[in-house]
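I opened this notebook to record what I looked up, step by step. My two topics are the contacts with the nucleic acid and the open space in the protein.

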Amino acid sequence: MPELPEVEVVRRGLQTWVSGRTIADVQVLHPRAIRRHLAGAEDFAARLGDRTVGDACRRGKYLWLPLTDTDTSVLGHLGMSGQLLVQPQDTADEKHLRIRIRFADALGTELRFVDQRTFGGLSLHENAPDGLPDVLSHIARDPLDPLFDDAAFHAAIRARRTTVKRALLDQSLISGVGNIYADEALWRARIHYERPTATLTRPRSAELLRHVRGVMTAALAVGGTTFDSLYVNVNGESGYFDRSLDAYGREDQPCRRCGTPMRRRPWMNRSSYFCPRCQRVPRTPS
DNA sequence: AACTGCACCTGGTAGC
DNA sequence: TGCTACCAGGTGCAGT
């Protein structure tokens, strides 16, 4: 399940193996993969043809590739299960290959969008004046962005009448955080996922942000080490997921701080994992 | 306007 | 064995 660190690994891969190359042709093998490109598959392919790819960019979980000499970008989101792979052209098609992009050079590789559950996809958009694809106007900066405004974040969540995990997953407040890293950061900060944001003091929200950054930076360090080949990879199975998670997926296993069995609770058609001792349920005088 | 809840997907697995 | 039910969850939008 790609969140910000995994997407950043993919961005780096695209920058290394795709930026600067000129597109020869595009095959859309599943229409749902370009459903956000409203003009359809033929239009998508035609607009990419003969265009050159600029520097790979990211905000939160969104990736985009500007097309040089145009005011447009190819926007990508990996959804739940998406992968962007740079493969030798003679590699057999993946079972869930959705989009193939061939290049006009002789490097012998192509870019493939593979996605089992088809929550992700590619689309082409006009760039807004700030250079971002126009459809990203509602996506906040992510916590690894140097221009992320910690004070504004604190003020925004204090003004909301919602709970802290909802706020962490609200991409208009802070982008790039998903269910896994939200639980990890809340465990590190010893905050219960249902704590009202209005109860967070400035030091507590600062501490939470520090842990969000800490868990993402650690994941990025691990994910980054596996990426040193002709392969832009994201599969949610990096070593980080197996070895380093303290909360997510650890139901009934001892808390790594206090030994209390961790709990899982249904939450928003998902799950929240937490330590019932370290992360006390807030008393809510409604 | 701010907030809540759900549809969209498919493969793996648990249960019967 | 073969069927059903459920789970994973990011996003956008309909509904309140």
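Entry 1. I looked up the polar contacts to DNA strand B in this predicted model. I found a polar side-chain atom of Arg-160 at 3.3 Å from a phosphate oxygen of DNA strand B. For Arg-161, a polar backbone atom is 2.5 Å from a phosphate oxygen of the strand. For Gln-116, a polar side-chain atom lies 3.2 Å from a sugar or linking oxygen of DNA strand B.

Entry 2. I then listed the residues around DNA strand B, among them Arg-32, His-96, Arg-117, Thr-118, Phe-119, Thr-162 and Arg-166. Of the strand atoms that come within 4 Å of the protein, sugar and phosphate account for 75%. I sorted the residues of this surface by type and noted five charged, four polar and one nonpolar.

Entry 3. I turned to the largest pocket, for which I noted a volume of about 670 Å³. Its lining has 25 residues, and the closest to its centre are Lys-61, Met-80, Gly-178, Asn-179 and Arg-270. Helix H4 (164-169), helix H5 (179-189) and strand S10 (270-274) each give two or more residues to the lining. The largest share, three residues, comes from S10. By type, I noted 13 nonpolar, seven polar and five charged residues in this lining.

Entry 4. I asked where the largest pocket lies with respect to domain 1 and domain 2. Domain 1 (4-136) and domain 2 (150-231 + 239-274) both contribute to its lining, and therefore I recorded the pocket as lying between them.

Methods:
Residues numbered from 1 in each chain as written. Chains lettered and ligands numbered in written order. Predicted model: local features only at pLDDT ≥ 70, side-chain atom pairs only at ≥ 80, totals over all residues. Heavy atoms only, no water. 1 Å grid on protein atoms, 1.4 Å probe; cavity = no way out; pocket = protein on both sides within 12 Å on 5 of 7 lines; lining within 4 Å. Points joined across faces, edges and corners; volume = space filled by probe spheres on them. Helix = DSSP H or I, 4+ residues; strand = E, 2+ residues; numbered from the N terminus. Nonpolar A, V, L, I, M, F, W, Y, C, P; charged D, E, K, R; others polar. Domains from an automatic or database assignment. Near = heavy atom within 4 Å. Polar contact = N/O pair within 3.5 Å; in protein donor to acceptor, adjacent residues only side chain to side chain.
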